[in-house]
Amino acid sequence: MLCTWRTSDLRLLLTLIVFLVVECISARGQSLNTTSNSSMQQTGKGNYSSASVNGSSTDKRQRKLELPAEANASLSVPVDTKAVFDCPSILLTSLVVTTWQIILRDKLSCTRAYRRDRNETKEGNCTDERITWASRPDENLALQIDPVATTHDGFYMCQMVTPDGNFHRGYHLQVLVPPEVTLLQSKNGTAVCRAAAGKPAAQISWNPEGDCVTEQEHWANGTVTVQSTCRWEDHPLSNVSCSVSHVTGNKSLSLELTQGAQTTANLHFLYIIPCIFIVFVIGGSIWLLKNSGCRKCKLKKTEANPGVEEDEMQPYASYTEKNNPLYDTTNKERCRMLQSEVDGIGLDTL
């Protein structure tokens with residue numbers, strides 16, 4: 001009996017131990033589940049908060065990207081047109097002060113400001129009446145230039161002060177001037193293509209290509225005159241064309257060279273032939289004058305020589321007449337004959 005009781009007691013104890021172990025295991029499992037759930041909930045809350053923080057920063061970045069406030073843009077505007085510069089796109093209700101800063105070439109900086117709480121505007125060193133507000137500053141803060149001139153090249157920046165921060169946007173303005181294109185033929189037969197007072201400088205090309213020289217002349221207002229002179233000496237051409245490339249537009253002109261080339265050649269001959277003729281005439285005249293002068297000199301010398309000989313012989317003749325009795329007798333006879341003739345003439349008269 002004792003052994004049986006002990007065995008039953010042992011069985012009971014084992015059953016109790018197993019029951020307690022199972023209870024402990026189940027309780028431990030529930031506690032683990034509760035801890036994991038709470039930790040998951042806390043992790044979820046943490047992820048949500050971090051996501052919200054990231055979302056808010058992303059929204060701010062997107063807002064900054066949507067507002068190209070800090071970007072500077074290049075703006076090209078044709079001369080004698082209207083230019084408009086916009087400020088960053090923000091709500092006017094959050095605006096405190098807006099300032100336009102204008103920096104022109106070779107001029108003092110100009111500022112135009114608007115204060116919203118007082119609804120007042122101020123200016124500093126602004127003398128160009130063509131630069132004004134596009135409309136009422138309390139409605140639109142844009143700046144305009146009407147009309148645009150070459151002197152308006154420069155930098156224009158809008159600065160806006162708000163409780164959320166400062167924003168700005170800048171513009172590099174370049175005024176475009178289309179060149180005046182001409183094509184003509186010069187007196188020496190070359191073709192001259194000229195793109196006058198363009199901004200920026202134009203590019204000139206020829207068809208067909210020839211022996212060309214291109215020159216540039218810069219003016220005080222920023223414009224540039226480009227001139228290209230071409231000749232075609234290798235072979236004659238009847239037609240040439242000049243193409244001018246410019247940011248405001250391209251232009252092409254053509255020129256007939258047939259009549260011009262013939263005229264130029266004829267003019268060359270007309271200029272050369274008379275010059276050659278005049279040279280020959282002058283040379284021939286000089287030669288004739290020289291020859292005629294030499295002949296006169298020779299004749300004068302020949303005429304002068306006999307007289308000299310007679311003069312040289314006269315002393316001998318006089319000597320012969322004086323010393324020769326024949327010459328004396330002959331002279332006496334001649335004198336008698338002359339005397340008788342004179343006497344005869346005198347008697348007849350009486």
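## Close-up views of a predicted model

**View A. The salt bridge of R136 and D138.** D138 has a relative accessible area of 26% and is therefore partly exposed. In this predicted model, the side chain of D138 forms a salt bridge with R136, in which the closest N and O atoms are 2.6 Å apart. The count of salt bridges in the model comes to nine, and the next two views turn to others of this kind.

**View B. A salt bridge between strands β4 and β5.** The side chains of R112 and E123 meet in a salt bridge, with a distance of 2.4 Å from N to O. Because R112 belongs to strand β4 and E123 to strand β5 (residues 120–124), the pair ties together parts that are eleven residues apart in sequence. The two partners sit in contrasting surroundings: R112 is buried, its relative accessible area being 5%, whereas E123 counts as exposed at 53% relative accessibility.

**View C. Further salt bridges, as a pair and as a network.** E120 forms a salt bridge with R118, and the closest N and O atoms of this pair are 3.7 Å apart. Of these residues, E120 counts as partly exposed at 28% relative accessibility, while R118, at 52%, counts as exposed. Elsewhere, R105, D153 and K199 are linked with one another in a network of salt bridges.

**View D. The open sheet β2-β7-β6.** Three strands, in the order β2-β7-β6, form an open sheet with antiparallel pairing. Strands β2 (83–85) and β6 (131–133) stand at the edges and have a single partner strand each, so one side of each is left without a neighbour in the sheet. From one strand to the next, the twist averages 25°. Strand β2 is joined by three bridges to strand β7 (residues 143–145), the two running antiparallel, and within this pairing the bridge partner of F85 is L143 in β7.

**View E. The largest nonpolar core.** This core holds 25 residues, of which F85, W100 and Y156 touch the most other members. Two or more residues are given to the core by each of the elements β2, β3 (97–104), β4 (110–115), β6, β7, β8 (154–162) and β9 (165–176). The largest share, four residues, comes from β9. In soluble globular proteins, nonpolar side chains tend to be buried together. F85 thus links this view with the preceding one, as F85 is among the core residues that touch the most other members and has L143 of β7 as its bridge partner.

**View F. Strand β15 and its two antiparallel partners.** Strand β15 (residues 239–245) is joined to strand β12 (residues 203–207) by five bridges, and the two run antiparallel; in this pairing, W206 has C242 of β15 as its bridge partner. Six bridges join β15 to strand β16 (residues 251–256), again in an antiparallel arrangement, and here V244 stands opposite K251 of β16. The hairpin of β15 and β16 has five residues between the strands, and in this hairpin G249 takes a positive phi near 145°.

**View G. A nonpolar patch on the surface.** I278, I282 and I286 form a nonpolar patch on the surface, and together these residues have about 290 Å² of accessible area. I282 has its place in helix α2, which spans residues 258–323. At 48% relative accessibility, I282 counts as partly exposed, because the term exposed is kept for values over 50%.

Technical notes:
Residues numbered from 1 in each chain as written. Predicted model: local features only at pLDDT ≥ 70, side-chain atom pairs only at ≥ 80, totals over all residues. Heavy atoms only, no water. Patch = residues over 30% accessible without salt bridge, like charges linked within 9 Å, V, L, I, M, F, W, Y side chains within 5 Å. Areas by Shrake-Rupley, 256 points an atom, 1.4 Å probe, with all protein chains shown as cover. Salt bridge = Lys/Arg side-chain N within 4 Å of Asp/Glu carboxyl O. Buried < 20%, exposed > 50% of the residue type's maximum accessible area, 1.4 Å probe, protein only. Pairing = 2+ DSSP bridges. Axes fitted to C-alpha atoms, helices over the stretch in contact; angles between N-to-C directions. Core = buried A, V, L, I, M, F, W, Y, C linked by side-chain atoms within 4.5 Å.
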